[in-house]
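Trainee: I have a structure to read and would like to practise on it. Could we go through it together, one question at a time?

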Amino acid sequence: MTKAEMIAKIAEKTGESKKNTEATVNELVAVITAALKAGDKLQIAGLGTFESTERAAREVRNPRTGEKMTSPACKVVKFKAAKAIKDAVNG
């Protein structure tokens, strides 16, 4: 599902215009991004938990050449789905 398809579905279910729904979705993404950038953990009941963590520098290999390289340290985003979502997907 694309972002546009998601916006259309939400607009259809809520009766809001696609323009208002798109603005809401964009603000949600902006709030999540700002929280993760600030290093905060964001928990949304029924959806899951977003968290940014540090990944240490490590040695990696180029799959084409086998050459060893160093991957620099960076922040990565982790998402853990809520139990209700996991149960719905699995059963």
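Trainee: Is F50 buried or exposed?
Mentor: Keep in mind as we go that this is a predicted model. A residue counts as buried when its relative accessible area is under 20%. F50 has a relative accessible area of 17%, so F50 is buried.

Trainee: And how does F79 count, by its relative accessibility?
Mentor: Exposed would need over 50%, and buried would need under 20%. F79 comes to 42%, so F79 falls in between and counts as partly exposed.

Trainee: How many aromatic pairs are there, and what is the name for the way the rings of F50 and F79 are set?
Mentor: The count comes to 1 aromatic pair. The ring centres of F50 and F79 are 4.7 Å apart, and the planes meet at 45°. Planes under 30 degrees apart would count as stacked and over 60 as edge-to-face. The angle of 45° fits neither, so the pair is tilted.

Trainee: How many residues apart in sequence are the parts that this pair ties together?
Mentor: Look at where each ring sits: F50 is in strand β2, residues 48-55, while F79 is in strand β5, residues 74-81. The pair therefore ties together parts whose separation in sequence is 29 residues.

Trainee: Which residues does T49 touch, leaving out those up to four places away in sequence?
Mentor: T49 also has its place in strand β2. With a relative accessible area of 18%, T49 is buried. Its contacts, with that exclusion, are K41, L42, Q43, K78, F79 and K80.

Trainee: What distance separates the C-alpha atoms of A35 and F50?
Mentor: A35 belongs to helix α2, residues 18-37. At 13% relative accessibility, A35 counts as buried. Along the chain, A35 and F50 are 15 residues apart, and their C-alpha atoms are separated by 9.1 Å.

Trainee: Is A45 buried or exposed?
Mentor: First find A45 in the loop between β1 (42-44) and β2. To count as exposed, a residue needs over 50% relative accessible area. A45 has 81%, so A45 is exposed.

Trainee: Which residues does S71 touch, again not counting those up to four places away in sequence?
Mentor: S71 lies in strand β4, residues 68-71. At 19% relative accessibility, S71 counts as buried. From S71 to A38 it is 23 Å in space, C-alpha to C-alpha, with their positions 33 residues apart in sequence. The residues that S71 touches are A57, R58 and V60.

Trainee: Now for the whole protein chain: in what order do the elements run from the N terminus on?
Mentor: There are 3 helices and 5 strands to place. Reading from the N terminus, the order is α-α-β-β-β-β-β-α.

Trainee: What radius of gyration does the protein chain have?
Mentor: Start with the box that the C-alpha atoms fill, roughly 55 × 30 × 30 Å along the principal axes. Of the 91 residues, 16% count as buried. A compact globule of 91 residues would have a radius of gyration near 12 Å, but the protein chain has 18 Å.

Trainee: Last one: how far apart are the mean positions of the positive and negative charges?
Mentor: The protein chain carries 17 positive and 11 negative charges. Take the mean position of each set, and the two lie apart by 5 Å.

How values were computed. Residues numbered from 1 in each chain as written. Predicted model: local features only at pLDDT ≥ 70, side-chain atom pairs only at ≥ 80, totals over all residues. Heavy atoms only, no water. Helix = DSSP H or I, 4+ residues; strand = E, 2+ residues; numbered from the N terminus. Rg over C-alpha atoms; globule rule 2.2 N^0.38 Å. Buried < 20%, exposed > 50% of the residue type's maximum accessible area, 1.4 Å probe, protein only. Lys, Arg positive; Asp, Glu negative; His and termini not counted. Charge placed at Lys NZ, Arg CZ, Asp CG, Glu CD. Phe/Tyr/Trp six-rings, centres within 6.5 Å; stacked < 30°, edge-to-face > 60°. Contact = heavy atoms within 4.5 Å.
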